[in-house]
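Opening a fresh page for this one. I want to go through the cores, a helix, a sheet and one glutamine, in that order.

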Amino acid sequence: MKCLLIASESAEVLFHWTDLEFQQTIQEQYGASQEEGQGLPAFEDMISTQFAPIIISCSTIVDRQSDSYTSFTTENNHIYVLHQFDECLYIAVNGDGEEKEDDLRRKIYVMKKMIEVLFGMVTLSGTLLKRELRPQDTEQRARLWKHLQSLLETYSHLRENDQSFLVEAVERLIHPTLCEQCIEFLEHRLVQQLNSSVERAGEEVLHAFILVHTKLLAFYSSRNASTLATSDLLALIIMAQNMYPSNVDQDDPSPESTSGSGPESFYTPEPSPTDRDSKKPVRGSPPLFEFVDPDIQMAEDSLHTLVVSPPDPSAPRRVFLEVSLKDGLYPMMPHSMYCLPLWPGISLVLLTKIPTSAVAMSVYKFLEAFDKLEKRLNEGQSPAAAKGQLTMHDIRGKLDKFIKALGPSEIQSVHLQNVWTDFKNRAFTRGGHGFTEDLIPSCKAMKTQLCGVYRQCFFTDSGSADTPRRLSPALQERAQTMAQDKLMNWKDFLLVKSKRNITMVSYPISLIHFICVDRSTGQMIAPSLSITERTTSELGKGPVAQYIKSKVWGLVSTTRRYLQKGYSTVTLRDGDFYFCYFLWFENETGYKLEAGDIPTLPDDSAPIGMLAWDYYRKLLRYYSKNHQGEAVKCYELLTIHLAVIPTDIILQHCRQLATKLWEPSRNPLL
């Protein structure tokens with residue numbers, strides 16, 4: 001009984017997702033009220049009518065009191081969580097008790113994040129965003145909504161089943177030798193060849209990484225590339241999983257290989273092909289494993305029969321990601337994303353810089369300037385202050401050059417020119433109003449037109465048919481083949497390794513489970529919690545593993561609530577288990593820094609995590625104020641022990657575990 005709705009202030013539906021139970025409930029309500037012989041209205045009309053009173057009442061309260069409610073519970077225990085982002089109202093509903101307020105609020109923020117990744121700076125203009133989310137063409141609208149619904153369902157599935165999305169950090173496959181080989185391959189062979197090819201059509205590969213299910217095998221960024229934010233990387237993994245979903249039953253070559261210690265102890269792959277060998281096709285080589293069980297052999301055969309066809313090279317995903325440069329931070333910069341499936345469960349992802357990306361940086365600088373000016377005018381500051389006027393005079397010359405470079409042929413640039421001329425007449429001429437509150441509508445108009453230019457540049461393909469602005473199909477296929485040749489002898493091992501990344505053999509018997517997260521790099525380490533019928537973890541499978549899994553998910557939820565209230569250490573007993581949570585800071589040498597006070601957050605604040613809102617980046621910035629000139633790192637550790645163990649022994653285990661996990665020999669190579 002779940003629903004997520006995005007609506008305008010006039011109760012127009014901009015997007016909706018519902019599960020089958022919610023949809024049937026709405027249809028039954030309307031079916032009972034319809035007169036005999038009349039058909040049901042369209043579901044979009046039903047849901048609009050259903051939520052209209054809530055939307056209108058929320059808008060009314062905002063207009064009259066400049067505030068609104070953020071959640072409520074109905075008599076039948078349905079939970080509603082609301083959040084207004086500019087001109088769009090997000091409403092998440094749960095009626096089956098499976099989600100709490102925090103879960104619904106997190107879902108809202110994740111949906112907003114995915115929309116930002118897909119639409120970029122268009123999200124900064126409510127008018128344009130509403131047009132994008134609700135295209136006039138019904139077929140186009142249906143395709144867009146289906147895509148957004150699929151992304152939301154993919155995220156929900158990962159959130160419920162994958163520990164990396166539970167704690168919102170990236171999990172890396174821990175195999176230093178293979179990781180190092182793959183990074184060298186990406187740097188010296190793959191990316192180098194792609195960027196030196198004439199078939200790249202002006203695009204430049206900035207980032208390349210290999211995913212095994214949701215785990216990162218290798219990641220490489222070119223020297224002139226910005227660091228890829230953890231928030232963006234998690235969003236890209238969601239998109240990759242949405243394009244090529246992992247199917248555990250089909251992707252795992254050996255359902256029994258994840259139990260016991262056999263494969264990890266005795267499996268040694270043959271050397272990967274050399275540069276000379278890699279030029280020859282090796283797809284027909286015999287499998288490394290010789291299975292006897294016919295069911296297991298069928299699972300191995302499925303790896304060959306379920307080869308996914310290459311993606312359509314004419315339509316790479318346009319994504320908008322954060323870029324950090326020396327002169328500042330630029331959010332929502334355009335990139336092209338190519339997700340190339342190597343085998344079921346293993347993908348190569350390329351992120352490229354497009355030739356016109358400099359336009360996006362200019363647009364952002366102008367948007368930032370007009371936004372700051374509008375805020376100063378709203379706050380009633382006198383004629384924008386001398387500093388503000390100087391900034392706008394500087395912007396004036398740059399914007400004149402920018403519009404001139406766009407050329408008069410584009411309709412959007414003509415609109416921008418007209419609005420800019422009106423702004424200059426009001427702000428800079430003697431007969432104008434100057435920098436007063438009367439200029440606020442002109443600021444809003446300028447921001448809308450700048451977002452319109454951004455949309456025109458990055459949402460429509462202005463390249464001709466014979467000069468497409470993307471990597472050529474042949475170049476994509478070459479990259480795919482090179483990666484397959486490199487990993488051919490490792491693919492079965494990787495699929496097994498992804499299900500059992502680290503073992504509990506070397507840890508105390510009393511330790512049931514742990515999750516350790518480096519919040520400075522956005523990486524996490526945890527033993528497997530696979531609970532499917534075909535795969536087992538060291539906790540077994542079925543009810544026992546499911547029970548432990550529910551405890552882990554509950555522990556993470558509990559510790560977030562305490563962290564929200566300013567607690568960095570939590571220890572509690574739950575029946576036969578003893579839970580511990582620690583958040584601490586270290587300097588570059590590994591010296592533990594004094595804890596200090598953690599800022600408290602209101603109940604309706606953005607959810608703690610790194611996907612929808614990077615709480616830990618702000619926490620590190622807050623804590624580093626007292627450690628100027630020192631690189632500060634932040635770590636989290638969650639453990640579950642048997643409660644029969646004395647508390648002092650448990651705390652000693654936690655200290656030893658925290659030290660052991662981030663030893664240089666165990667830290668995944670970057």
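Before listing any neighbours, I fix the term: a contact here means heavy atoms within 4.5 Å. I also keep in mind that this is a predicted model.

**Entry 1, cores.** I started with Phe51. Leaving out residues up to four places away in sequence, I find it touching Cys3, Leu5, Phe22, Tyr80, Ile91 and Val93. Then I looked up the largest nonpolar core, which has 115 residues. Which of its residues touch the most other members? I get Ile6, Phe51, Ile91 and Phe423. Helix α3 supplies the largest share of this core, with ten residues. There is also a second, separate core of 35 residues, and I noted Ala208, Val212, Leu217 and Met488 among its members. As background, nonpolar side chains in soluble globular proteins tend to be buried together.

**Entry 2, helix α3.** I checked the length of α3, residues 101–119. At 1.5 Å a residue its 19 residues should span 27 Å, and I find the end C-alpha atoms 27 Å apart, so the two agree. How many of its residues are buried? I count 14 of the 19, so by the under-20% cut-off the helix is mostly covered. Right after α3 comes Gly120, and its phi is positive, near 60°.

**Entry 3, the sheet.** Next I traced an open sheet of five strands, paired antiparallel, and wrote down the order β8-β7-β11-β10-β9. Which strands stand at the edges? They are β8 (215–221) and β9 (317–325); each has a single partner strand, so one side of each has no neighbour in the sheet. Ignoring direction, I get an average turn of 30° between neighbouring strands of this sheet.

I zoomed in on β7, residues 204–212, which is joined to β8 by six bridges, the two running antiparallel. Ala208 sits opposite Tyr220 of β8; Ala208 is also one of the residues I had listed for the second core. Then I looked for a helix lying across these strands. I found α16 (residues 473–487) across β7, β8, β10 (328–343) and β11 (346–353), and its angle to β10 is about 65°.

**Entry 4, Gln412.** Last stop: Gln412, in helix α14, residues 411–427. Is Gln412 buried or exposed? Its relative accessibility is 18%, and the cut-off for buried is under 20%, so I put Gln412 down as buried. Again skipping residues up to four places away in sequence, I have Gln412 touching Gln449, Gly452, Val453 and Gln456.

Note on methods: Residues are numbered from 1 along each chain as its sequence is written. This is a predicted model: local features need pLDDT of at least 70, side-chain atom pairs count only at pLDDT 80 or more; totals for chains, interfaces and linings use all residues. Side-chain values use heavy atoms; hydrogens and water are left out. The expected span of a helix is 1.5 Å times one less than its number of residues. Buried means under 20% relative accessible area, exposed over 50%, partly exposed in between (1.4 Å probe, protein chains only). Two strands pair if DSSP finds at least two bridges between them. Axes are lines fitted to C-alpha atoms, for helices over the stretch in contact, and angles run from 0 to 180 degrees between N-to-C directions. A nonpolar core is a set of buried Ala, Val, Leu, Ile, Met, Phe, Trp, Tyr and Cys residues joined through side-chain atoms within 4.5 Å.
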